[in-house]
Amino acid sequence: MNLFAETRALVIGALNDMVAAGELPAGLDFAAVAVEPPRDAAHGDMATNAAMVLAKPAAMQPRAIAETLAARLKGRGGITSAEVAGPGFLNLRLAPASWQAVVRAVLGDGGKFGRSDLGRGTKVNVEFVSANPTGPMHVGHTRGAVFGDALASLLDFAGYGVTREYYINDGGAQVDVLARSAFERYREANGLSPEIAEGLYPGDYLIPVGEALKEKYGASLLDQPESVWLVDVREYATAAMMQMIREDLALLGVEMDIYSSEKSFYGTGRIEAALERLRGLGLVYQGKLEPPKGKLPDDWEEREQTLFRSTEFGDDQDRPVQKSDGGWTYFAPDIAYHYDKVERGFDVLIDVWGADHGGYVKRMKAAVSALSEGRVPLEIKLIQLVKLFKNGEPFKMSKRAGTFVTLRDVVEQAGADVTRFVMLTRKNDAPLDFDFDKVLEQSKDNPVWYVQYAHARVRSVLRKAAEAGIAVDDATLAGADLGKLGHEAELALARKIAEWPRLVEIAAKGQEPHRIAFYLYELASDLHAHWNRGNEDITLRFIQEDTATSQAKIALARAAGVVISAGLGILGVTPAEEMR
RNA sequence: GGCCCCGUAGCUCAGGGGAUAGAGCGGCCGCCUCCUAAGCGGCAGGUCGCAGGUUCGAAUCCUGCCGGGGUCGCCA
C-alpha cells in the first residue's frame, strides 16, 4: 500500500475528469505530475505540482487549474482539504483514517510492506567485489561488497529479478605473480629461506598455502623450473585465495549467486567470438593511436595494434584489446565476459567498481552498447575510498609494509552489522570516513546504534505488553481499533511510516541504497521523539490501562518496528531485540 | 593537458527543477517519582565554490572558471 501513489491516482483521475468536462484541454501529458510530502509539514500532508506542470501546455494560469482541481479533489478518497498555495502548489490533507489504514496495512503485510513491482521482474545482474584472487579483501573491497549487496537487495525489494555475481580475475599476470609468491612459501615450508622479490606478494596469508603445497607435492617441485610448476601452483593458490575470499564475504553476510571465471574465456574461443562480433560491426580494426596529450610516458612509441572503436560511443580514444606481445589486454576478456552476461539474457547490467577504475567506464559502456546493439544498459557504480580512523587519527595503510587493513580486521573489530550500516551512510561516490571508535559508540551520535535502539524500544514495548497480558501478535494488532490513533503526534509517526513504499521506489530508481539508511535514521528519530512525548503526556504512552487502547497504540509502534526491520533487512543488518 | 567525481552551517554530510535550503556533531538553554534520559525539546549558526545561461521557478540543468581528489597504451 503506497498512499502517495494512491493519492496521485486520485489527482490523475480528477485531472481526467477536468479534461472530460472541458476544464482542461485534451492530450495533456500527466507524467510530470507528482504527489510528494511537502517540504514543510505545516503545508499539509501531501502536495501536488499538477497545476504548475500543466499550466504551460494547457496555456492556463496555474492557480486557475489548481482551484478547479482542488474543488474536484475535496472529499475524494481520504482527502479532507485541498488548498492552493505559493506559485500553484495544491496542498492536501488526508483524514486520520488514511494514516490508520497504513498502520493496518503494515501489520497485515509484515516485512513485505513497501515491496514494489517497480522493476516488473526486469532481470538485473549486479556484479560486485570481483577482487583479484591474490590476497585477502581489504577495506575498499568491503565497501564495494556492502554496497553491491545492499543495492541487489534493494532492487529485489523493488520488484527486479536480481543476480549477484562475482568475476574472478584469474586469467591475468597477477595470478602468475601469486603462483610465484606461493612457490616461495612452498620453498619456505621445505626449510629453505623464501626470496620474496620485488613485485611478489609478501603477505603471511600465503604461508599456509606454501605448507599445503608441501603436503601435496613434498619436495618434488623444488628443483623444477617454473614452466613445470607454474600452472599447478597457480591453480592451487587461486583456489585457496577464492576460498579465503568466500569466507570473508560470508563474514560480511554476502552471498553470491554466481562466480564467473576470467580464465574460462581464454583458450576457449570466447574472447575471439566476442571480438569477431564487434569486428563484424566494423568496431574492431588494426590501427595506431594518437599519443596522449600533455606529458608523454617516457617509453612511448607508436605502434599498430588491434583497437576497439569506442570513440563511436563517446570514449576519448579507441582502446587496445591486444598487447604488444600478442596477448590480450584485460579489456578483451572483459568484453567477452560482458557479452556473456548479455547473452545470458539480462535486461540491465550493473558493475560496482572502485573509483580508481573510473577511466574505464566509457570503454566498458561502449562495449556493452555495441555487443547488445543498444539493448542492454550498463550502469557502473563507482565506489569512493574509505578512510580509516582510530581515536580520530588517520590509519596509515601500506600494502608493501603489510599493514593494510583487511575486511576481516574491520568485521572482527566492528561487527558485520555496524560495518554494513556505516558503509551505507554515504553515497557511493562520496568518500567515507570510518572511525573504529565512533562506529562502536553507544549513543545517538552513532546512527547504527540509534536505529537499532529504536527497534529495540519497540521490542521492549511488545515484551512489556505481553507481560501485562495484552495480546500483541500482528493479527490481533491489525484488528485493533486504530481509530483510537487520533493524536497529532501519533499521526505524524504514521505519516513517516507511510513514506516507506515511496522511498523504496526512489532509492531503487536512483540505485542509491544510502537513502534507506537515511530514511531509517529519520524514522528512528520520529519514534524516539514520540516515545519521549509519553514522558509529558501519559496518554501518549504505548501501554495504557485499557487493553483496546493499548493495542491500537502498540500497533503503531509495531508498524514502525516492522519498517525498521525491513529497511535494515535491505541493508543486510540484523535488527536488535535489546541493547544490553 | 584530456576525462571522471566532489565543493551546501564552525565540522561531518543529506537534499539533485518547485514554497522560508535540512539533519547530526560542536556551542548555549531546558526535560527523568513515568514502557531503556544510551533518549527528547528549544535557541544560535548559510552569498548552496565563483560568473554567466536555460526556465514561470535553479543548491538542483547547461557553459566557463577556481579549489580538492582520482585516472590517463602493452597492470587488473
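This passage describes the surface near the RNA, the nonpolar cores, a small sheet and selected residues of a predicted model.

Residues are numbered from 1 along each chain as its sequence is written, and chains are lettered from A and ligands numbered from 1 in the order in which they are written. Because the model is predicted, local features need pLDDT of at least 70 and side-chain atom pairs count only at pLDDT 80 or more, whereas totals for chains, interfaces and linings use all residues; side-chain values use heavy atoms, with hydrogens and water left out.

RNA strand B is surrounded by 58 residues, of which Tyr360, Lys444, Trp449, Tyr453 and Arg541 are the closest, a residue being near a strand if one of its heavy atoms lies within 4 Å of it. These residues divide into 22 nonpolar, 15 polar and 21 charged, where Ala, Val, Leu, Ile, Met, Phe, Trp, Tyr, Cys and Pro count as nonpolar, Asp, Glu, Lys and Arg as charged, and the others, Gly among them, as polar. On the RNA side, sugar or phosphate accounts for 60% of the atoms of strand B within 4 Å of the protein, and bases for the rest. Bases are approached by the side chain of Lys427, with an N or O atom 3.2 Å from a base oxygen, and by that of Gln442, with a polar atom 2.7 Å from a base nitrogen. At the backbone of the RNA, an N or O atom in the side chain of His514 is 2.9 Å from a phosphate oxygen. Two or more residues each are given to this surface by helix H2 (50-58), strand E4 (89-94), helix H14 (447-467) and helix H18 (514-536), and H18 provides the largest share, 9 residues. Helices (H or I, at least four residues) and strands (E, at least two) are DSSP runs, numbered from the N terminus.

The largest nonpolar core holds 131 residues, among which Leu15, Phe434, Ile497 and Trp500 touch the most other members. Such a core is a set of buried Ala, Val, Leu, Ile, Met, Phe, Trp, Tyr and Cys residues joined through side-chain atoms within 4.5 Å, with buried meaning under 20% relative accessible area, exposed over 50% and partly exposed in between (1.4 Å probe, protein chains only). Helix H19 (residues 547-571) gives the largest share of this core, 14 residues. Beyond its neighbours within four places in sequence, Ile497 is in contact (heavy atoms within 4.5 Å) with residues including Val102, Phe113, Tyr519, Leu556 and Val563. A second, separate core of 30 residues includes Phe265, Tyr337, Val342 and Ala370.

An open sheet of 3 strands has the order E8-E9-E10 with antiparallel pairing, two strands being paired if DSSP finds at least two bridges between them. Strand E8 (284-288) and strand E10 (319-320) are the edges, each with a single partner strand, so one side of each lacks a neighbour in the sheet. Strand E9 (residues 304-308) is joined to E10 by 2 bridges, and Leu307 has Pro320 as its bridge partner in E10.

Most residues other than glycine have a negative phi. Arg120, in the loop between helix H4 (96-109) and strand E5 (123-127), nevertheless has a positive phi of about 45° and is exposed, with a relative accessible area of 71%. Ser130, in the loop between E5 and helix H5 (139-157), also has a positive phi, near 45°, but is buried, with a relative accessible area of 12%.

Terms used:
A polar contact is a pair of N or O atoms within 3.5 Å; within protein, one must be able to donate a hydrogen and the other to accept it, and residues adjacent in sequence count only if both atoms are side-chain atoms.
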